[in-house]
Amino acid sequence: MAANKSTKAQAATVDDSTMEQFKIESFDVRKYNTIFYSIRDLYGRESQRQLGSDNFDWKAFKLQFEICFGRPEDCRYTTEQLLNFAKYKFNMSLEDLLAYNRKSWELRKRREQQYADMEQINSVIQHIPEITNSYIDCYQMLEQQPY
């Protein structure tokens, strides 16, 4: 019996080594930080839910997380390992982690804008001494109101 020949064409891999200074890292490598920080945030929020917000310390958590996972610059684990961990612990894929990170950044920007607006309001209030330092007699104000 003759062996069947495969008619399937083999895809040639693209070699981008000739791009020299314009060479870019693979998608997974570029998204490593996003995956890492998404996992850290998810893990921290879940720990906070389990321990209660009163017993949870973000600084201590980040130190403990760094002991276990390292820093993103260290790349202690591969992207695939982090994605497997995220799938196992949080049932989240790469797309889910990227969406979570995007929402987290949007929330952070919104919160920073709110803080900036509050600071601006506080600075305006502090520059109006007659509002902050004056005594208001409510009784006199009530007498002046027409009925």
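**Phe56 and its ring partner**

I looked up Phe56 first and found it buried, at a relative accessible area of 12%. This is a predicted model, and I read every value with that in mind. Trp58 is partly exposed, with a relative accessible area of 27%. I checked the cut-off: buried means under 20%, so Phe56 at 12% falls below it.

How many aromatic pairs does the structure hold? I count 15. Phe56 and Trp58 make one of them, edge-to-face, with 5.0 Å centre to centre and 85° between the planes. I then took Phe85 and Phe90: their ring centres are 6.4 Å apart and their planes stand at 80°, so I logged the pair as edge-to-face.

Next I followed the ring pairs outward. They link Tyr32, Phe36, Tyr37, Tyr43, Phe56, Trp58, Phe61, Phe65, Phe69, Tyr77, Phe85 and Phe90 into a cluster.

**A charge over a ring**

I looked at Trp105. The charged end of Arg108 sits over the Trp105 ring, 4.4 Å from the ring centre.

**Arg71 and Phe36**

Where is Arg71 found? I place Arg71 in the loop between helix H3 (58–69) and helix H4 (79–90). Arg71 is partly exposed, with a relative accessible area of 40%. Leaving aside neighbours within four places in sequence, I find Arg71 in contact with Phe36 and Glu66. I also noted Asn33: Arg71 and Asn33 are 38 residues apart in sequence, yet 9.3 Å apart in space, C-alpha to C-alpha.

I turned to Phe36 and its contacts. Not counting residues up to four places away in sequence, Phe36 touches Phe65, Phe69, Gly70, Arg71, Pro72 and Leu82.

**The nonpolar core**

Which residues have the most contacts inside the largest nonpolar core? I list Ile35, Phe36, Ile39, Phe65, Leu82 and Leu97, in a core of 17 residues. Helix H2 (32–51), H3, H4 and helix H5 (94–126) each supply at least two residues of this core. H2 gives the largest share, five residues. I set a general note beside this: in soluble globular proteins, nonpolar side chains tend to be buried together.

**H2 against H5**

I last checked how H2 and H5 cross. Their axes come within 9 Å and cross at roughly 75°. That makes H2 roughly perpendicular to H5. On the H2 side I see Thr34, Ile35, Ser38, Asp41, Leu42 and Arg45; they meet Leu94, Leu97, Leu98, Tyr100 and Asn101 in H5. Ile35 and Leu97 appear in this meeting, and I had already listed both among the core residues with the most contacts.

Terms used:
Residues numbered from 1 in each chain as written. Predicted model: local features only at pLDDT ≥ 70, side-chain atom pairs only at ≥ 80, totals over all residues. Heavy atoms only, no water. Phe/Tyr/Trp six-rings, centres within 6.5 Å; stacked < 30°, edge-to-face > 60°. Buried < 20%, exposed > 50% of the residue type's maximum accessible area, 1.4 Å probe, protein only. Lys NZ or Arg CZ within 6 Å of the ring centre and 35° of its normal. Helix = DSSP H or I, 4+ residues; strand = E, 2+ residues; numbered from the N terminus. Contact = heavy atoms within 4.5 Å. Core = buried A, V, L, I, M, F, W, Y, C linked by side-chain atoms within 4.5 Å. Axes fitted to C-alpha atoms, helices over the stretch in contact; angles between N-to-C directions. Parallel < 35°, antiparallel > 145°, perpendicular 65-115°, else oblique.
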